Structures are given as C-alpha cells and as structure tokens.
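I opened this entry to write down what I looked up, place by place. The ligand and the backbone are both on the list.

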Amino acid sequence: MTLPDFRRRKATKTNQERISFVTCYDCAFARLIAQTELDCILVGDSVAMVVHGHSSTLAADLAMMVFHTESVARGAGGKFIVADIPFLEHRKGQSEAVSAAQALLRAGAQAIKLEGAAGNLEIIQNLVEGGVPVMGHIGLTPQFIHAFGGFKVQGREDSAAEKILADAKALEAAGVFAIVIEGVPASLGKRITDALSIPTIGIGAGPDCDGQVLVLHDLLGFTEKPPKFARAFGQVAHASVAALGAYDEAVKSSTFPAAKESYS
Ligand code: KIV
C-alpha cells in the first residue's frame with residue numbers, strides 16, 4: 001500500500017477491495033503478517049493494554065511507541081505501517097507533535113495516527129505539509145476514556161452523530177489520508193463513509209466502512225472477553241497453552257530433550 005493506493009481503493013471500492021488493517025506490536029507477529037495479503041499494520045497505542053497489561057491506552061508514551069514500531073518494522077516485509085501518537089503528546093505543542101511524528105517515521109512507520117479532531121487540525125495540517133501522512137481517528141477514541149466515562153459507543157444521539165460527522169469532514173479538509181471510525185452505530189459509519197472522499201477504516205463501526213481494523217490479539221483468540229465488534233478468527237491462545245502444557249509435561253517426565261535434541 002502507498003498513499004495513492006488508499007485514494008484508488010476509495011475511488012474503486014468493491015467488496016474485494018476493502019482495506020484490511022491489523023494491529024501489531026512486535027517483529028515476530030509482523031513476520032507472520034508479512035506472509036499474508038493483509039494490507040496494513042497499525043502499531044496502536046493499544047500495545048499498552050494488549051502487551052503491557054495496562055487498563056487503558058494512556059500508559060503508552062512515545063518511547064514505548066517508538067520501541068514497538070521499530071520492532072514491527074523489522075518484520076513487516078514492506079507492509080504499510082501506521083503508528084499511533086500517544087496520549088497528549090501532540091497537545092504539548094507543534095514542536096512536540098513534529099518531534100513525535102519524526103521519531104515514529106524514523107522508527108519505520110510510513111504514517112501516524114492521531115485521535116480526535118478539535119484542536120488537532122492545525123497540527124495535522126503542519127504535519128501533512130511537512131510530508132507526514134496522517135490518519136484520523138474519531139468516535140470511541142480510547143484516549144478519551146475518562147472524558148467519555150468508559151469505553152462507550154459514541155454517536156447514538158443525533159447531535160453526537162452530527163458532531164462526529166463534522167469532525168470527519170474537518171479532518172478530511174485538514175489533509176488526513178484516511179480515518180479510523182471506532183465504536184459508533186453502523187448507520188453512522190455508513191453516513192461518514194458516504195460523505196468522505198478518503199477511506200474510512202472501521203472498528204465497531206459496521207460493515208460499510210472502506211476497510212476494517214482489528215486488534216491482533218482479539219482476532220487470534222487471545223482476548224478472554226473480546227468486545228462485541230471483534231471476531232476471533234483463530235484460537236491461538238488455546239494452541240499456545242496446549243504447547244506450553246506439553247512442554248511442561250515433557251520436562252517433568254524426562255521425555256524432553258530426547259537424544260535427537262542433544263549434542264553428542
Ligand atoms: O490502538 C489501537 O489499536 C487503535 C485501534 C483500536 C484502531 O487505535
């Protein structure tokens with residue numbers, strides 16, 4: 001994927017041409033993703049929850065995002081990588097926003113993602129003018145967990161839906177190349193998608209977005225209580241527990257290592 005591909009996929013949208021994104025946080029999984037036809041990787045600040053065990057994404061800082069972006073980039077085999085600007089980093093000022101984007105692109109991302117619209121538009125314009133592809137993120141933006149009072153579906157009331165639609169249009173005008181729409185009614189996901197000439201990437205935003213993104217560990221079956229919008233496409237956690245149990249059993253019963261696993 002390149003930036004022109006995002007525009008082309010929007011212009012020629014068919015079911016086959018929807019854009020597939022998955023989150024990834026390390027080189028080992030990036031190497032697996034590189035073997036698939038998945039279009040893009042998001043090094044999301046969900047890393048703070050999924051990998052580091054925090055209860056929200058607020059714990060991700062720039063150092064964490066750079067560290068994981070570098071790791072993913074080593075294994076991604078040329079896939080398009082978007083990395084998240086962590087909580088409040090860009091709100092420290094234009095200079096900090098530029099430094100954060102610079103660090104993430106130098107770490108191997110091709111684009112950055114920023115949550116929210118209000119107060120971000122000038123920052124986005126400045127980054128885009130400086131050559132940084134920026135992705136927007138609206139709806140249930142996890143960095144706003146305390147402002148929202150929890151992980152709650154957004155845009156159910158008419159006025160809230162209008163505000164999210166207006167945010168999407170403002171982000172498009174500011175120059176973002178695509179927008180993640182998270183946790184909104186499917187009808188609003190469709191309305192926003194129809195209103196924009198850039199691709200929308202949905203997560204809990206219904207089937208009509210131009211693409212979808214899922215958290216890697218949700219789709220692989222690692223998440224005990226996945227959100228309603230997620231689907232486990234495999235049961236890798238079960239397979240992992242079975243492999244770990246088999247190893248434990250083999251060590252305890254002295255069947256590992258065998259002669260072929262030992263040096264003569
Ligand atoms: O951090 C993340 O994983 C995200 C996705 C949920 C869109 O922002």
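**Backbone after the last named helix**

I began with Pro 257, which lies in the segment after α11 (236-252). The model is a predicted one, and I read every value below with that in mind. I looked up the peptide bond that joins Phe 256 and Pro 257 and found a cis bond, with omega at about -5°. Ser 254 also lies in the segment after α11. I noted a positive phi of about 60° for Ser 254, which is not a glycine. Is Ser 254 buried or exposed? Its relative accessible area is 62%, so I entered Ser 254 as exposed, the cut-off being over 50%. I added a reminder on why I log such cases: most residues other than glycine have a negative phi, and most peptide bonds are trans.

**Leu 88 and Gln 143**

I went on to the other positive phi on my list. Phi of Leu 88 is near 65°, and Leu 88 is a residue other than glycine. Leu 88 lies in the loop between β3 (80-84) and α5 (94-106). I read 44% relative accessibility for Leu 88 and logged the residue as partly exposed, because that class runs between 20% and 50%.

I then checked Leu 88 against Gln 143. The two are 55 residues apart along the chain, and their C-alpha atoms are separated by 8.5 Å. Gln 143 is in the loop between β5 (134-139) and α7 (145-148). With a relative accessible area of 7%, Gln 143 is buried. Which backbone atom does the side chain of Gln 143 reach? I found the backbone oxygen of Ile 85, at 3.2 Å.

**Asn 120**

I located Asn 120 in the loop between β4 (111-113) and α6 (121-129). Its relative accessible area is 1%, so Asn 120 goes down as buried. I listed two contacts of the Asn 120 side chain. One is a polar contact of 2.9 Å with the side chain of Arg 91. In the other, a polar atom of the Asn 120 side chain lies 2.8 Å from the backbone oxygen of Glu 115.

**The ligand**

I asked which residues surround the ligand. I wrote down Thr 23, Leu 42, Gly 44, Asp 45, Ser 46, Asp 84, Lys 113, His 137, Val 180, Glu 182 and Ile 203. Sorted by class, this shell has three nonpolar, four polar and four charged residues.

I next looked at the N or O atoms of side chains that face ligand oxygen atoms.

- For Ser 46, I read 2.5 Å between an N or O atom of the side chain and an oxygen atom of the ligand.
- For Lys 113, the corresponding distance to a ligand oxygen atom is 2.8 Å.
- For Asp 45, an N or O atom of the side chain is 3.0 Å from an oxygen atom of the ligand.

How much of the ligand's accessible area does the protein cover? On its own the ligand has 260 Å² of accessible area, and the protein covers 97% of it. I also checked where the ligand sits, and the space it takes is the largest pocket.

**Gly 44 and Ile 203, two shell members**

Gly 44 is one of the residues surrounding the ligand, and I placed Gly 44 in the loop between β2 (40-43) and α3 (47-50). With a relative accessible area of 2%, Gly 44 is buried. I also took the distance from Gly 44 to Ser 187: C-alpha to C-alpha they are 25 Å apart in space, and 143 residues apart in sequence.

Ile 203 is another of the surrounding residues. I paired Ile 203 with Phe 229, which is 26 residues away in sequence and 7.1 Å away in space, C-alpha to C-alpha. Phe 229 is in the loop between α10 (216-219) and α11. I read 34% relative accessibility for Phe 229 and logged the residue as partly exposed.

**Pro 199**

My last entry is Pro 199, in the loop between α9 (186-195) and β7 (200-203). Its relative accessibility is 0%, so Pro 199 counts as buried. I checked Pro 199 against Lys 10, 189 residues apart along the chain, and found their C-alpha atoms separated by 5.4 Å.

Technical notes. Residues numbered from 1 in each chain as written. Predicted model: local features only at pLDDT ≥ 70, side-chain atom pairs only at ≥ 80, totals over all residues. Heavy atoms only, no water. Near = heavy atom within 4 Å. Polar contact = N/O pair within 3.5 Å; in protein donor to acceptor, adjacent residues only side chain to side chain. Areas by Shrake-Rupley, 256 points an atom, 1.4 Å probe, with all protein chains shown as cover. 1 Å grid on protein atoms, 1.4 Å probe; cavity = no way out; pocket = protein on both sides within 12 Å on 5 of 7 lines; lining within 4 Å. Sits in = over half its atoms within 2 Å of the grid points. Nonpolar A, V, L, I, M, F, W, Y, C, P; charged D, E, K, R; others polar. Helix = DSSP H or I, 4+ residues; strand = E, 2+ residues; numbered from the N terminus. Buried < 20%, exposed > 50% of the residue type's maximum accessible area, 1.4 Å probe, protein only.
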